[in-house]
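Let's take a walk through this protein together, from its overall plan down to a few single residues. Have the sequence and the 3D view at hand as you read.

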Amino acid sequence: MVKLVAAYTDEELIAGCAKNDPRCQEKLYAKYYGKMLSVCMRYSRNKEDAIELLNMGFLKVFMNIASFGNKGSFEGWIRRIIVNTVLEEHRKTVNYREHMSFPEVEEDGVTHADIISELYAEDIIKMISLLPPATRMVFNLFAIEGYPHKEIAEQLNISEGTSKWHVNFAKEKLKKCILEGQKNKEVAYGF
């Protein structure tokens, strides 16, 4: 007969990981794997790259877990480390022009709530993955992670105007993709 082991609390996992207990590290990794992989997938072109980023991020989590201090959300703390890992790797691989700037683009205020409500999350993620890498990075940081343009600019060593341009460019591309998808759907159904 197999004895079932009760689930560990975050506090127990943190304490075990701080002592480098491999069982606790494995359980912590398994507990947050799915959520953190989805974060990495938003910034990656493929699952292999996302898993590599995830593993680098978890290594940092394990190396710094003693500094958590139970202040705020543990999941939020892990997420922040994962996002920072993604940013660090992005900075290593993408070269931005020093003084690259783009004109400010005003939002048109047009919403397509009916179309968007019909989309599934995986459809939106697929659309976002089609954006150019720099635009995808900025858009995810702004729209998904909630970073302000000033912080994005500092993290990526770009101007705030460039950050705003990328977000607006992404919105326009996504809007076009959504509208084209809706037109294709209407044609398929004979509307």
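What follows starts with the fold, moves on to two helix packings, and ends with three residues.

Please keep in mind that this is a predicted model. Its secondary structure comes to 9 helices and 0 strands. Read from the N terminus on, the order of elements is α-α-α-α-α-α-α-α-α. The protein has 191 residues, and buried residues make up 36% of them. Among the contacts with a separation of 6 or more, 67% are between residues 24 or more positions apart.

A good place to begin is helix H2, residues 22-43, and its packing against helix H3, residues 47-64. How do these two helices meet? Their axes come within 9 Å and cross at roughly 135 degrees. Angles over 145 degrees would count as roughly antiparallel and 65 to 115 as roughly perpendicular, and H2 and H3 are therefore oblique to each other. Their crossing is right-handed. If you would like to colour the residues involved, the H2 side consists of Gln25, Leu28, Tyr29, Tyr32, Tyr33, Met36, Leu37, Cys40 and Met41. Across from them, H3 contributes Lys47, Ala50, Ile51, Leu53, Leu54, Asn55, Phe58, Val61 and Phe62. Sorted by class, this contact has 15 nonpolar, 2 polar and 1 charged residues.

H2 also packs against helix H4, residues 74-93, here at an angle of about 40 degrees and with the axes 10 Å apart. That angle makes H2 oblique to H4. H2 passes H4 in a right-handed crossing. From H2, the residues that meet H4 are Leu28, Tyr32, Lys35, Met36, Val39, Cys40, Arg42 and Tyr43. Their partners in H4 are Phe74, Glu75, Ile78, Arg79, Ile82, Val83 and Val86. By class, the contact of H2 with H4 has 11 nonpolar, no polar and 4 charged residues.

Two of the residues in that contact, Arg42 of H2 and Arg79 of H4, lead us to Glu145. Where does Glu145 sit? Its place is in the loop between helix H7 (133-144) and helix H8 (149-156). Is Glu145 buried or exposed? Its relative accessibility is 17%, so Glu145 counts as buried, the cut-off being under 20%. The side chain of Glu145 makes a polar contact of 2.9 Å with the side chain of Arg42. Another polar contact, of 3.0 Å, joins the side chains of Glu145 and Arg79. Setting aside neighbours within four places in sequence, Glu145 is in contact with Val39, Arg42, Tyr43, Arg79, Val83 and Asn140.

Next, turn to helix H9, residues 160-189, where you will find His166. With 5% relative accessibility, His166 counts as buried. Beyond its neighbours within four places in sequence, His166 is in contact with Ala134, Thr135 and Val138.

Finally, go back to helix H3 for a look at Met63. Met63 has a relative accessible area of 61% and is therefore exposed, as the cut-off is over 50%. The C-alpha atoms of Met63 and Ala18 are separated by 8.2 Å, while the two residues are 45 residues apart along the chain.

Technical notes
Residues numbered from 1 in each chain as written. Predicted model: local features only at pLDDT ≥ 70, side-chain atom pairs only at ≥ 80, totals over all residues. Heavy atoms only, no water. Axes fitted to C-alpha atoms, helices over the stretch in contact; angles between N-to-C directions. Helix = DSSP H or I, 4+ residues; strand = E, 2+ residues; numbered from the N terminus. Parallel < 35°, antiparallel > 145°, perpendicular 65-115°, else oblique. Left-handed = near helix turned anticlockwise from the far one by under 90°. Contact = heavy atoms within 4.5 Å. Nonpolar A, V, L, I, M, F, W, Y, C, P; charged D, E, K, R; others polar. Buried < 20%, exposed > 50% of the residue type's maximum accessible area, 1.4 Å probe, protein only. Polar contact = N/O pair within 3.5 Å; in protein donor to acceptor, adjacent residues only side chain to side chain.
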